[in-house]
Each structure stands twice: as structure tokens, then as C-alpha cells.
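Me: Could you take a close look at just one part of this protein for me, the bit about how strands pair up? I'm in my first year, so please go slowly and show me how that part fits into the rest.

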Amino acid sequence: MPKCSFCSEQYEFPYGLTVVLPDGKILYFCSSKCRRNYELGRIGWKTRWVKKRKKGKKEEREEIMKQAEEKKEKKKVMEKIKEAAEKAEKQTEQEKKGEEKKQAKTEDKQENKQR
Ligand SMILES: [Zn+2]
């Protein structure tokens with residue numbers, strides 16, 4: 001993904017414009033707006049609308065990160081609940097097995113007594 005030489009934003013390839021200067025320098029522009037502003041001699045990070053856009057993006061990203069973290073926490077809680085349920089199931093199974101074993105042992109004893 002090329003990075004816009006003016007607003008330093010990354011964009012997909014079919015969009016935008018790539019300019020190769022005679023001295024071999026390559027300039028990427030995400031839009032004609034960026035190209036024209038560059039040709040006017042403006043500097044990207046000093047231009048007001050670039051700053052504004054970047055600020056908005058940062059806030060967006062932070063929001064997305066927050067949402068992702070909340071989702072992760074929810075997942076963790078769900079996993080804990082699942083684990084607890086599985087443990088409980090295993091315990092009940094073990095208890096059942098133990099009871100069966102006890103019964104088997106008592107049966108064995110009875111057989112021994114009969115002999
Ligand atoms: Zn741009």
C-alpha cells in the first residue's frame with residue numbers, strides 16, 4: 001500500500017496517483033487534492049485539513065481499540081464461565097465413576113463372604 005506523500009495517509013493501489021520526477025524521486029498522492037496542494041508548495045503536516053483529518057483518525061482508532069478490548073474482556077468472561085461449567089461436568093462424572101467403583105467393591109466383598 002503506498003503512502004501519500006502529502007497527507008501521509010495509506011491508500012489502496014487502484015486509487016491515487018504516482019508521480020515519478022525526472023530526478024528519480026517517486027511521489028504518491030491519494031487524491032488530486034493532495035497533488036494540487038503539493039504543487040502549490042504546501043507542506044503536508046503544516047496544512048490544516050491534513051491535521052484535522054489525522055486527529056479524527058486517531059480518535060476513531062482509539063474508539064475501535066476500546067471496543068476491541070471490551071469484546072476481549074467479554075470473551076474472557078465467557079471462557080471462564082465455560083471452563084467452570086466444564087469443570088463442574090467433569091466433577092459430576094468423576095463422582096459418578098467413584099460411586100460405581102464403590103458399588104463394584106461392595107459387590108466383590110459380598111462375593112468373598114459367600115465363598
Ligand atoms: Zn493524501
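Reply: Let's start with a word you'll need: two strands count as paired if DSSP finds at least two bridges between them. Here β1 and β2 clear that bar, with four bridges joining them, and they run antiparallel. Keep in mind that you're looking at a predicted model.

Now find the two partners. β1 covers residues 17-20 and β2 covers residues 26-29. Together they make a hairpin, with five residues between the strands. In that turn sits glycine 24, whose phi is positive, at about 95 degrees. For one cross-strand partnership, look at leucine 17, which stands opposite phenylalanine 29 in β2. In a regular strand, side chains alternate between the two faces of the sheet.

Phenylalanine 29 also leads us to the inside of the model. Along with Tyr28, Phe29 belongs to the largest nonpolar core, which has eight residues. The other members are Cys4, Phe6, Cys7, Cys30, Cys34 and Val50. Cysteine 30 has contacts with Cys4 and Cys7, and also with Glu9, Tyr11, Tyr15 and Gly16, leaving aside residues up to four places away in sequence.

While you're here, check serine 8, in the segment before β1. Serine 8 has a phi near 50 degrees, and that's a positive value in a residue other than glycine. Is serine 8 buried, exposed or partly exposed? To be buried, a residue needs 20 or more other C-beta atoms within 10 Å, while 12 or fewer makes it exposed. Serine 8 has 14, so it comes out as partly exposed.

Let's zoom out. From the N terminus on, the elements go β-β-α-α. Why call the chain more spread out than a compact globule? Because its radius of gyration is 34 Å, well over the 13 Å that the globule rule gives for 115 residues. Its C-alpha atoms fill a box of roughly 110 × 30 × 20 Å along the principal axes, and 7% of the residues count as buried. The chain is split into domain 1 (1-46) and domain 2 (56-94), with their C-alpha centres 42 Å apart.

Finally, how confident is the predictor? The chain's average pLDDT is 85. Among the elements, your strand β2 has the highest mean, 91, and helix α2 (residues 48-114) has the lowest, 83.

Key: Residues are numbered from 1 along each chain as its sequence is written. This is a predicted model: local features need pLDDT of at least 70, side-chain atom pairs count only at pLDDT 80 or more; totals for chains, interfaces and linings use all residues. Domain bounds come from an automatic or database domain assignment. Helices (H or I, at least four residues) and strands (E, at least two) are DSSP runs, numbered from the N terminus. A nonpolar core is a set of buried Ala, Val, Leu, Ile, Met, Phe, Trp, Tyr and Cys residues joined through C-beta atoms within 7 Å. Two residues are in contact if their C-beta atoms, placed from the backbone, lie within 7 Å. The radius of gyration is taken over C-alpha atoms; the globule rule is 2.2 Å times the number of residues to the power 0.38. pLDDT is the predictor's confidence in each residue, from 0 to 100.
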